Amino acid sequence: MTEHTRKMTSDQSAWHRIENALLDCGFQMPLFHRLAWATQNPHRRYKHVAITSADGTPLAQVAVQSDPSRVLPGHAFLRVVRFGENLPESVVEPMVVALKHFANKDRRALRLSIGVFARRHRPRIAELLERNGFQKSSEPQSYRHTLTIDLQPTEADLLSGLHKTARRKLRDVEKAALHVATLTDPVYAERIGILQGETLTHSGGVTERPDWRSILELSQQNPELSRIVGLFSSADDLASGGLLGFAWGARHGDHVEYRAAGMTRVEGRNISVGYPLMWALILWAKQEGAAWFDMGGVTLPETPNDPLAGISDFKRMFSQVTEEVGEEWYLEPHPAKTRLASLLGKGGRQAASLLGKIQSRKGAA
């Protein structure tokens with residue numbers, strides 16, 4: 001670390017200054033490492049970790065999310081998401097060292113998890129993490145494989161490159177005169193949450209439920225970073241109750257991720273709601289200058305008893321290019337505290353299970 005300096009702060013003015021300096025130099029930054037994301041999520045705490053040169057020139061930054069422990073008051077689980085893809089290779093090692101230092105210095109940190117996302121130097125990142133004491137998780141919180149789309153071709157060429165089923169589904173929507181609209185008004189938040197919940201229940205998927213009101217506001221204030229599109233039966237009726245489906249795209253520097261979606265069936269009409277929404281996000285990504293599109297993760301065809309096979313098959317209507325991008329690594333800087341939290345959590349779950357059984361028996365009696 002002789003040629004780099006670490007800066008760790010939650011001060012927004014310092015974060016803003018360093019972020020702007022990096023952006024001015026062409027640094028590509030994932031949405032989840034931007035100050036706009038941190039300030040739009042007041043229910044979560046974030047800190048900013050930056051690497052600067054000896055003369056103070058910013059070289060890279062990441063955001064560390066802090067989630068409070070439910071069983072050990074005053075302690076927290078730290079997490080870095082989407083780590084690696086947009087970092088210059090020259091600063092990956094000092095950034096790993098900086099994050100390790102950050103976790104070791106925080107006496108309240110139970111674990112630091114790093115969700116690696118990288119198409120290029122993922123093996124090198126893994127090597128550096130392991131060398132610095134991180135362990136690879138067998139239960140990653142994000143996806144390992146995804147489908148990608150090169151956005152350099154023209155829109156016409158992108159359309160012709162879709163599977164014929166996707167092109168037919170898009171024509172069906174056009175014939176039905178359904179309307180795709182960009183959503184920014186928080187009035188849609190409740191309906192979006194309902195649609196996402198229904199879709200997850202139907203597919204068997206499990207994912208984080210975002211604060212849709214905050215994301216809609218983010219999309220309004222930073223339309224180049226986040227976009228939510230919705231499908232309606234008519235351009236003349238955009239009431240929240242008439243929302244048939246939505247999809248959210250998140251800009252991560254040089255690419256856009258298909259982050260979340262939810263939809264319902266169109267009664268009495270053979271319309272596939274997801275196709276026009278996905279296509280709208282692909283076009284938005286290209287128009288914003290993104291180099292490629294991330295389909296947001298897929299399971300492999302050979303995955304046994306895969307509840308998400310239908311979603312993955314849908315995504316393959318848009319791309320057949322599968323890439324391995326994700327890994328999860330973690331560091332427990334204060335192992336004794338982490339073991340205590342684990343024991344307390346296990347005890348709480350056992351107590352809750354026992355209480356449930358007792359109440360069940362009382363009800364039966």
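Which strands each supply at least two residues of the lining of the second largest pocket? The exercises below work on a predicted model.

**Exercise 1. Describe the second largest pocket and its lining.**

Step 1. Begin with the volume: the second largest pocket holds about 250 Å³ of space.

Step 2. Find the residues around that space. The lining has 16 residues, and those closest to the pocket centre are Arg45, Ser66, Ala76, Leu78 and Arg108.

Step 3. Assign the lining to strands, which answers the opening question. β2 (45-53), β3 (58-68) and β4 (76-84) each contribute at least two residues.

Step 4. Sort the lining by class. Six of its residues are nonpolar, five are polar and five are charged.

**Exercise 2. Work out how β2, β3 and β4 are paired.**

Step 1. Take β2 with β3. Their pairing is antiparallel and runs over eight bridges. In this pair Arg45 stands opposite Ser66 of β3. Both Arg45 and Ser66 are also among the residues closest to the centre of the second largest pocket.

Step 2. Look at the connection. β2 and β3 form a hairpin, with four residues between the strands. Gly56, in the turn, has a positive phi of about 90°.

Step 3. Take β3 with β4. This pairing is antiparallel as well, over four bridges. Here Gln65 stands opposite Arg79 in β4.

Step 4. Recall what holds such pairs. Strands of a sheet pair through backbone hydrogen bonds, in either a parallel or an antiparallel sense.

**Exercise 3. Locate the largest cavity and state which strand gives the most to its lining.**

Step 1. Count the cavities. With a cut-off of 30 Å³ or more, the count is one cavity.

Step 2. Give the volume: about 60 Å³ of space lies in the largest cavity.

Step 3. List the lining. The residues are Phe27, Gln28, Pro30, His33, Gln61, Val62, Arg82, Phe83, Gly84, Glu85, Asn86 and Leu87.

Step 4. Assign them to strands. β3 and β4 each supply at least two lining residues, and β4 gives the most, with three. β3 and β4 also each supply at least two residues to the lining of the second largest pocket.

Step 5. Sort by class: five residues are nonpolar, five are polar and two are charged.

**Exercise 4. Trace the seven-stranded sheet from one edge to the other.**

Step 1. Write down the order. The strands run β8-β9-β10-β11-β12-β7-β13 in an open sheet with mixed pairing.

Step 2. Identify the edges. β8 (179-183) and β13 (322-324) are the edge strands, each pairing on one side only.

Step 3. Add the twist, which averages 30° from one strand to the next.

Step 4. Examine one pair inside this order. β9 (residues 226-232) and β10 (residues 245-252) pair in the antiparallel sense over six bridges. Arg227 stands opposite Gly249 in β10.

**Exercise 5. Classify the packing of α6 against α9.**

Step 1. Read the geometry. Helix α6 (residues 164-175) and helix α9 (residues 274-287) pack at an angle of about 100°, and their axes are 8 Å apart.

Step 2. Apply the cut-off. Angles of 65 to 115 degrees count as roughly perpendicular, and α6 and α9 are therefore roughly perpendicular to each other.

Step 3. Name the contact residues. α6 contributes Thr165, Ala166, Lys169, Leu170 and Val173, while α9 contributes Tyr275, Pro276 and Trp279.

Step 4. Sort the contact by class. Six residues are nonpolar, one is polar and one is charged.

Definitions and conventions:
Residues numbered from 1 in each chain as written. Predicted model: local features only at pLDDT ≥ 70, side-chain atom pairs only at ≥ 80, totals over all residues. Heavy atoms only, no water. 1 Å grid on protein atoms, 1.4 Å probe; cavity = no way out; pocket = protein on both sides within 12 Å on 5 of 7 lines; lining within 4 Å. Points joined across faces, edges and corners; volume = space filled by probe spheres on them. Nonpolar A, V, L, I, M, F, W, Y, C, P; charged D, E, K, R; others polar. Pairing = 2+ DSSP bridges. Axes fitted to C-alpha atoms, helices over the stretch in contact; angles between N-to-C directions. Parallel < 35°, antiparallel > 145°, perpendicular 65-115°, else oblique. Contact = heavy atoms within 4.5 Å.
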